[in-house]
Amino acid sequence: MAQDHLAASSPLAEHARLAAFAGEWNGEEVVFPSRWTEGGPATSHVVAHMDLNGFYLIQDSVQMRDGKQIFATHGIFTYDRDDRSYKLFWYDSLGYTPPSPASGGWVGKTLTLVRGSLRGNARHVYEIINEDSYSLKIQFSPDAEGWADVLTGVYRRIH
């Protein structure tokens, strides 16, 4: 009997680790002044779930300032078993199409993902505080050496 080459493989423990970010979250953020926006406090509502047979974490967020939506994101996280790294496909309301996903890995409870483009480099640092909270730091660098904060936030699970 011929082997079914379309049969789905099973997610790995590395995929399952992303489930730590699944759920509904409220975030308190600090947005730093940049070429994209003024600085100041913001709040975010994040909804994330594991999907597609457990291979992907799909995350949507809406950021509010002064009672208005000012920014939104759609992120797709996965583990690439070929190059043994985590990937983040990031889309946001600024409308830039990333040339490639951010890539990186875990060190302890911290997942760091870096991507480059013609505009510069972005680094996303997610740290699990406990099962009901995590922090995020997004940084920018023109040369991937000197990093400046773009956003920091702490997100608490909504029960």
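**Reading a predicted β-rich chain**

Tutor: Start at Trp 36, which sits in the loop between strand E1 (23–31) and strand E2 (40–51). Keep in mind that this is a predicted model.

Student: Is Trp 36 buried, partly exposed or exposed?

Tutor: Read the relative accessibility against the cut-offs. Buried means under 20%, exposed means over 50%, and partly exposed lies in between. Trp 36 has 31%, so this residue counts as partly exposed.

Student: Which residues make a nonpolar surface patch with Trp 36?

Tutor: Leu 94 and Tyr 96 join Trp 36 in the patch. Its area is about 280 Å².

Student: How much surface does the chain expose, and what share of that comes from carbon and sulfur atoms?

Tutor: About 9,200 Å² is exposed. Carbon and sulfur atoms supply 54% of that area.

Student: Now the fold. How many helices and strands does the chain have?

Tutor: There are 1 helix and 10 strands. Read the order from the N terminus: α-β-β-β-β-β-β-β-β-β-β.

Student: How does the radius of gyration of the chain stand against a compact globule?

Tutor: Compare the value with what the chain length predicts. For 159 residues, a compact globule would be near 15 Å; this chain has 16 Å, which agrees. For the extents, take the box along the principal axes: the C-alpha atoms fill roughly 65 × 40 × 30 Å.

Student: What share of contacts joins residues at least 24 apart in sequence?

Tutor: Count among contacts between residues at least 6 apart in sequence. Of these, 36% join residues at least 24 apart.

Student: And the interior: what share of residues is buried?

Tutor: Buried residues make up 36% of the 159 in the chain. The general idea is that in soluble globular proteins, nonpolar side chains tend to be buried together. In this chain, the largest nonpolar core has 27 residues. Phe 21, Leu 111, Leu 113 and Tyr 126 have the most contacts inside that core. The element that gives the most to the core is E9, with 4 residues.

Student: Which residues does Leu 113 touch, beyond those up to four places away in sequence?

Tutor: Its partners include Phe 77, Tyr 86, Leu 88, Ala 102, Ala 122 and Tyr 126. Lys 87 is also one of them.

Student: Is Lys 87 buried or exposed?

Tutor: Lys 87 has a relative accessible area of 12%, so this residue is buried. The Lys 87 side chain forms a salt bridge with Asp 83, at 2.8 Å from N to O. Asp 83 is at 41% and therefore counts as partly exposed.

Student: How many salt bridges are there in the count?

Tutor: The rule is a side-chain nitrogen of Lys or Arg within 4 Å of a carboxyl oxygen of Asp or Glu. The count comes to 2. Besides the Asp 83 pair, Arg 157 bridges to Asp 132, with the closest N and O atoms 3.2 Å apart. This pair links distant parts of the chain, 25 residues apart. Arg 157 is in strand E10 (residues 148–157), and Asp 132 is in the loop between strand E8 (120–130) and strand E9 (133–141). Arg 157 is partly exposed at 23%, and Asp 132 is partly exposed at 26%.

Student: Where does Arg 84 lie?

Tutor: Arg 84 is in the loop between strand E4 (68–80) and strand E5 (85–92). At 68% relative accessible area, Arg 84 is exposed. Its C-alpha atom is 21 Å from that of Pro 98, 14 residues apart along the chain.

Note on methods:
Residues are numbered from 1 along each chain as its sequence is written. This is a predicted model: local features need pLDDT of at least 70, side-chain atom pairs count only at pLDDT 80 or more; totals for chains, interfaces and linings use all residues. Side-chain values use heavy atoms; hydrogens and water are left out. Patches are made of residues with over 30% relative accessible area and no salt bridge: like charges are joined within 9 Å, nonpolar side chains (Val, Leu, Ile, Met, Phe, Trp, Tyr) within 5 Å. Accessible areas come from the Shrake-Rupley method with a 1.4 Å probe; for residues, only the protein chains shown count as cover. Helices (H or I, at least four residues) and strands (E, at least two) are DSSP runs, numbered from the N terminus. Buried means under 20% relative accessible area, exposed over 50%, partly exposed in between (1.4 Å probe, protein chains only). The radius of gyration is taken over C-alpha atoms; the globule rule is 2.2 Å times the number of residues to the power 0.38. Contact means heavy atoms within 4.5 Å. A nonpolar core is a set of buried Ala, Val, Leu, Ile, Met, Phe, Trp, Tyr and Cys residues joined through side-chain atoms within 4.5 Å.
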